Amino acid sequence: MTQDADPIRVRTLFLSDFHLGTRGCQADALLDFLKAYDADTIYLVGDIVDGWKLKSGWYWPQAHNDVVQKLLRKVRKGARLIYLPGNHDEFLRDYLGISLGGVELADYALHEAADGKRYLVIHGDQFDLVVRHARWLALLGDGAYTAALFVNTHLNMIRRRLGLTYWSLSSWAKLRVKNAVNYISRFEELLAAEAGRHEADGVICGHIHHAVMHEQFGVAYVNTGDWVESCTAVVEHYDGSFQLVRWTDVRLEKTAEQNAVTPTVREKAA
Ligand SMILES: [Mn+2]
């Protein structure tokens with residue numbers, strides 16, 4: 001059995017779009033990540049629990065419970081946990097401004113980084129024109145999206161057995177569509193403008209499941225991605241620098257290291 005290494009301590013963790021309560025949620029990978037990282041402050045940037053899916057049928061396996069317990073344990077150990085609900089967990093928007101079991105609920109937050117820079121932290125659906133103005137379209141899109149994720153989950157089970165890397169059908173499909181590219185850049189532009197209105201140096205959001213960090217629109221645009229397709233998170237180190245962690249890549253590197261190390265040890269033993 002391998003010994004778990006000490007967690008990596010960072011100043012802040014930004015995580016979004018777990019979609020707990022759906023089959024698409026990669027809760028085991030997320031648990032591994034939460035074991036590997038500890039932070040002073042944790043922002044849950046929306047769509048953590050998927051109320052849309054839970055309404056149409058209860059799906060709540062042990063691993064999803066473990067994710068919640070792991071986060072609450074971090075709160076008990078002194079971490080500050082700020083939960084900014086998204087459109088899939090909008091039922092929590094009735095409780096904004098209050099604290100539930102040490103979890104602070106808010107619509108958005110202004111985060112001051114270690115280097116003094118200020119960031120608007122918000123889920124982002126507030127600036128998604130499709131979600132805001134055509135809810136039926138968003139729900140329809142959600143059905144097609146669910147179908148794509150179902151195929152993706154099973155495709156990846158086969159790929160994993162064949163020892164291939166994780167490959168996301170729905171993110172591939174989304175990025176192949178020119179409209180999706182326009183949609184993403186429009187979303188990024190609106191969020192960057194909103195950061196400007198708050199006189200912030202950047203924005204940290206989720207919602208569109210597209211993890212990225214850039215400054216194309218004059219301020220820092222940081223998207224935390226998701227734990228359905230890409231398994232990504234954003235960390236702030238103690239010097240105020242930000243890093244986008246792609247957890248599937250980290251896990252593959254670890255596996256490669258282990259595979260590389262084992263034969264050498266055996267050689268020495270022999
Ligand atoms: Mn969302």
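**Entry 1: a loop residue to begin with**

Is Phe18 buried or exposed? I looked this up in what is a predicted model, and Phe18 counts as buried, because 28 C-beta neighbours lie inside 10 Å and the cut-off for buried is 20 or more. I placed Phe18 in the loop between strand E1 (8–15) and H1. Leaving aside residues up to four places away in sequence, I found that Phe18 touches Cys25, Leu30, Ile48, Val67 and Trp227. I also noted Gly225, which is 207 residues from Phe18 in sequence, although the two are 9.5 Å apart in space, C-alpha to C-alpha.

**Entry 2: Leu20**

I then turned to Leu20, which is found in the loop between E1 and H1. Leu20 is buried, with 24 other C-beta atoms within 10 Å. Not counting residues up to four places away in sequence, Leu20 touches Cys25, Ile48, Val49, Asp50, His64 and Val67. Trp227 is 207 residues from Leu20 in sequence, and their C-alpha atoms are 9.2 Å apart in space. Val67 is among the contacts of Phe18 and also among those of Leu20, which led me on to helix H3.

**Entry 3: the whole chain**

Before going on, I wrote down some totals. The protein chain has eight helices and twelve strands, and buried residues make up 36% of its 270 residues. Of the contacts in the chain with a separation of 6 or more, 68% are between residues 24 or more positions apart.

**Entry 4: helix H3**

I checked the length of H3, which runs over residues 62–76. Its 15 residues should span 21 Å at 1.5 Å a residue, and the C-alpha atoms at its ends are 21 Å apart, which agrees.

Which residues of H3 are buried? I listed His64, Val67, Leu71 and Lys74. Seen down the axis of H3, these buried residues fall within an arc of 85°, so they line one face of the helix. On the other side of H3, I found Gln62, Asn65, Gln69, Arg73 and Arg76 exposed. The buried residues of H3 are covered by elements including helix H1 (27–36), strand E2 (37–44) and strand E3 (80–83).

**Entry 5: just beyond H3**

I followed the chain out of H3 and came to Lys77, which is found in the loop between H3 and E3. Lys77 is exposed, because 8 other C-beta atoms lie within 10 Å and the limit for exposed is 12 or fewer. The C-alpha atoms of Lys77 and Asp40 are separated by 9.8 Å, while the two residues are 37 residues apart along the chain. Also just after H3, Gly78 takes a positive phi of about 115°.

**Entry 6: helix H1 and its packing on H3**

For H1, I listed Ala27, Leu30, Phe33 and Leu34 as the buried residues. They cover an arc of only 115° around the axis, which puts them on the same side of H1. Asp28 and Lys35, on the other side of H1, are exposed.

How do I describe two packed helices? The usual terms are the angle between their axes and the distance between the axes. The axes of H1 and H3 come within 9 Å and cross at roughly 25°, which makes H1 roughly parallel to H3, and their crossing is left-handed. From H1, the contact is made by Ala27, Asp28, Leu30, Leu31 and Leu34, and from H3 by Ala63, His64, Asp66, Val67 and Lys70. Leu30, one of the contacts of Phe18, is thus a name I met again here, on the H1 side of this contact.

**Entry 7: positive phi in residues other than glycine**

I closed by looking up phi for Asp47, which is near 55°, a positive value in a residue other than glycine. Asp47 is found in the loop between E2 and helix H2 (51–55), and it counts as buried, with 28 C-beta neighbours inside 10 Å.

Where is His207 placed? I found His207 in the loop between strand E8 (202–205) and strand E9 (212–214). Its phi is near 75°, again a positive value in a residue other than glycine, and with 26 C-beta neighbours inside 10 Å, His207 counts as buried.

Definitions and conventions. Residues numbered from 1 in each chain as written. Predicted model: local features only at pLDDT ≥ 70, side-chain atom pairs only at ≥ 80, totals over all residues. Helix = DSSP H or I, 4+ residues; strand = E, 2+ residues; numbered from the N terminus. Expected span 1.5 Å × (residues − 1). Arc of directions from axis to C-beta. Contact = placed C-beta atoms within 7 Å. Axes fitted to C-alpha atoms, helices over the stretch in contact; angles between N-to-C directions. Parallel < 35°, antiparallel > 145°, perpendicular 65-115°, else oblique. Left-handed = near helix turned anticlockwise from the far one by under 90°.
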